[in-house]
Amino acid sequence: MDNLTFFTDYLIASLRLSVPLAFSALGGLFSERSGVLNIALEGMLLSGAFAGAAGAFFTGNVWVGMLSAIAVGGMVGLLHSYLCVTLRVDQLVSGLAINLTAIGLTSFWSRILFNSNQAQQLPSLKTVAIPILEDIPIIGNLIFNQDPLIYFLFLLVPLTAYLLFRTSLGLSLRAVGEYPRAADTAGISVNLVRYVAVTISGCFAGLGGAYLALVHVKYFAEGMSAGKGFIALAALIFGKWHPVSTAFACLLFGATEALQLRIQAFNLNIPYQFLVMLPYVIALLALVGLAGKSTPPAALGIPYIPESRDR
């Protein structure tokens, strides 16, 4: 394999490994911009992976699997919003509970629904090449010869940025996350905005899980999210709650994971445990402020109590 081919393959692997992170992180962006802390991304992603695999397996249709993942992810998001917004459960505790529940339930049901042979029979998305553009060196295979979900992600990042910073809906979302009392005074339903934002968060994370199961790995395994939801959360902080910089942070983490996989293939006599740690070390460095101080939305993690209930 020549150097150009190796480099191109590395870039493609980096992009594909970053896709589940990017969908989850963009979902987390909606939730946290509305003021709801969402460490439940891990559970949402894992639930989406299981639902996508189950839906695709029983119907033989990959798109049914995708829709199943979105629906289940959205339901998990709705549960998180109910616990955090309506019941005002501590948002950290709610997220941890959802993560642990998702791990247990998906492991239980996967042992019932799948066996070692069935899990390998999942349909998957095919790549869609764009004529002429796919022939461009390096960029052609990287950008113009991908599956539909990656093309959707390319559109989703700028659309999210436009929605957040150029529309009244985005202004309402950011106002609820920064100054919920002022937003309420202006006639914006704080609870409704948070419900919708966290549900959207679950849908996107579920879609990321579906990509992991149906495109990247092509089977479901217990605990296959392997901390990707937490890395997505780190990417969100690393990207300072902005869609574009968050997407680039996910690409960085994806490139780190692709790098450690290739280093393992070289047999350099480095214990593989140290290499497996590499993406998480980078995520940890991001959390402690490698990219500079990140200022979260002012009302992040703080339940909103309407003024009439304060008295």
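**Helix packing and two buried residues**

Biologist: At what angle do helix α2 and helix α9 pack, and how is that arrangement classed?

Modeller: In this predicted model, where local features need pLDDT of at least 70 and side-chain atom pairs count only at pLDDT 80 or more, while totals for chains, interfaces and linings use all residues, helix α2 (residues 41-59) and helix α9 (residues 190-216) have axes 6 Å apart and pack at an angle of about 55°. Residues are numbered from 1 along each chain as its sequence is written, and side-chain values use heavy atoms, with hydrogens and water left out. Helices here are DSSP runs (H or I, at least four residues), numbered from the N terminus, and axes are lines fitted to C-alpha atoms over the stretch in contact, with angles from 0 to 180 degrees between N-to-C directions. Because angles under 35 degrees count as roughly parallel, over 145 as roughly antiparallel, 65 to 115 as roughly perpendicular and the rest as oblique, α2 is oblique to α9.

Biologist: Is S81 buried or exposed?

Modeller: S81 lies in helix α3 (residues 62-86), and not counting residues up to four places away in sequence, S81 touches T86, R194, Y195, V198 and T199, where contact means heavy atoms within 4.5 Å. Buried means under 20% relative accessible area, exposed over 50%, and partly exposed in between (1.4 Å probe, protein chains only). With a relative accessible area of 0%, S81 is therefore buried.

Biologist: Which residues is L153 in contact with, leaving aside its neighbours within four places in sequence?

Modeller: L153 lies in helix α6 (residues 148-166) and counts as buried at 7% relative accessibility. Leaving aside those neighbours within four places in sequence, the contacts of L153 are V19, A22, F23 and L26.
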